[in-house]
Amino acid sequence: MDIVFIEDLKVDTVIGIYDWERQIRQTISIDLEMAHDIQPAAQEDTIDKCLDYKSVAKRIIAFVEESEFQLVETLAERIAEIVRNEFNVPWLKLKLSKPGAVRGSKNVGVIIERGNR
């Protein structure tokens, strides 16, 4: 299985359960691994056969910037649904981090895997 990935995609959004969090934008970080057979693209050397990571990133950024979820779990699930459905990705692993959410920690968040390898 081949993997196309996006690492440390930073997006500002409204996220959180506390009243003060609903009033500000916070930066989240997304790491995404997506299953995709890269051989056809490599053979033809054309983007037409690629999983276009720029298009995926732009779609995620647009969605996350407009979202206002309370939970990182909900945001992660919605991103996974978009990537799987709109980009025909059979399997993905997504890490969504919310830096600084817990005092004394560098990062907190969730890691999910969806689909079949």
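## The aromatic pair

How many aromatic pairs does a search of the whole structure find? One. This is a predicted model, and in it the two partners are phenylalanine 63 and phenylalanine 69. Their ring centres sit 6.1 Å apart and their planes make an angle of 40 degrees, so the pair goes down as tilted. The reasoning is simple: planes under 30 degrees apart would count as stacked and planes over 60 as edge-to-face, so a value in between is called tilted.

## The overall picture

Zooming out, the chain has three helices and four strands. Read from the N terminus, the order is β-β-α-α-α-β-β, with the helices in the middle of the run and two strands on either side. The C-alpha trace spans about 50 × 25 × 20 Å along its principal axes.

Of the 117 residues, 33% count as buried. The chain exposes about 7500 Å², and carbon and sulfur atoms supply 46% of that area. Now take the contacts with a sequence separation of 6 or more: 58% of them join residues 24 or more positions apart.

## Inside the core

The largest nonpolar core has 26 residues, and Leu32 and Met34 are the ones with the most contacts inside it. Six elements give two or more residues each: strand E1 (3-13), strand E2 (26-35), helix H2 (53-66), helix H3 (72-86), strand E3 (91-97) and strand E4 (109-115). Which element gives the most to this core? That would be H3, with six residues.

Methionine 34 is a good place to start looking around. Leaving out residues up to four places away in sequence, methionine 34 touches Asp2, Ile3, Val4, Ile6, Leu51, Val56, Val83, Val89, Trp91 and Leu92.

Serine 97 is another residue tucked away from the surface: it lies in strand E3 and, at 5% relative accessibility, counts as buried. Not counting neighbours within four places in sequence, serine 97 is in contact with Ile28, Ser29, Asn107, Val108 and Gly109.

## Salt bridges

Side chains of opposite charge can pair when their charged atoms come close. The structure holds four salt bridges, and three of them are worth a walk-through here. One joins lysine 10 to aspartate 8, with the closest N and O atoms 2.8 Å apart. Aspartate 8 is partly exposed, with a relative accessible area of 40%.

Next up is lysine 98 with glutamate 21, where the closest N and O atoms are 2.7 Å apart. Lysine 98 is in the loop between E3 and E4 and glutamate 21 in the loop between E1 and E2, so this bridge ties together parts that are 77 residues apart in sequence. Are these two charged residues buried or exposed? Lysine 98 is buried at 9% relative accessibility, and glutamate 21 is buried as well, at 5%. Both values fall under the 20% cut-off, which is why they get that label.

Then there is glutamate 77 with arginine 114, a salt bridge at 2.3 Å, N to O. Glutamate 77 belongs to helix H3 and arginine 114 to strand E4, so here the parts tied together are 37 residues apart in sequence. Glutamate 77 is partly exposed at 26% relative accessibility, and arginine 114 is partly exposed too, at 28%.

## On the surface

Ile17, Tyr18, Trp20, Ile24 and Leu71 make a nonpolar surface patch of about 520 Å². Leucine 71 sits in the loop between H2 and H3. With 41% relative accessibility, leucine 71 counts as partly exposed.

## Positive phi in two loops

Two loop residues have a positive phi without being glycine. The phi of aspartate 45 is near 50 degrees, and this residue lies in the loop between helix H1 (39-44) and H2. Aspartate 45 counts as exposed, at 71% relative accessibility.

Asparagine 88 has a phi of about 55 degrees. Its place is the loop between H3 and E3, and asparagine 88 is exposed as well, with a relative accessible area of 68%.

How values were computed: Residues are numbered from 1 along each chain as its sequence is written. This is a predicted model: local features need pLDDT of at least 70, side-chain atom pairs count only at pLDDT 80 or more; totals for chains, interfaces and linings use all residues. Side-chain values use heavy atoms; hydrogens and water are left out. A nonpolar core is a set of buried Ala, Val, Leu, Ile, Met, Phe, Trp, Tyr and Cys residues joined through side-chain atoms within 4.5 Å. Buried means under 20% relative accessible area, exposed over 50%, partly exposed in between (1.4 Å probe, protein chains only). Contact means heavy atoms within 4.5 Å. Patches are made of residues with over 30% relative accessible area and no salt bridge: like charges are joined within 9 Å, nonpolar side chains (Val, Leu, Ile, Met, Phe, Trp, Tyr) within 5 Å. Accessible areas come from the Shrake-Rupley method with a 1.4 Å probe; for residues, only the protein chains shown count as cover. A salt bridge is a side-chain nitrogen of Lys or Arg within 4 Å of a carboxyl oxygen of Asp or Glu. Rings of Phe, Tyr and Trp (its six-membered ring) pair if their centres lie within 6.5 Å; planes under 30 degrees apart count as stacked, over 60 as edge-to-face and the rest as tilted.
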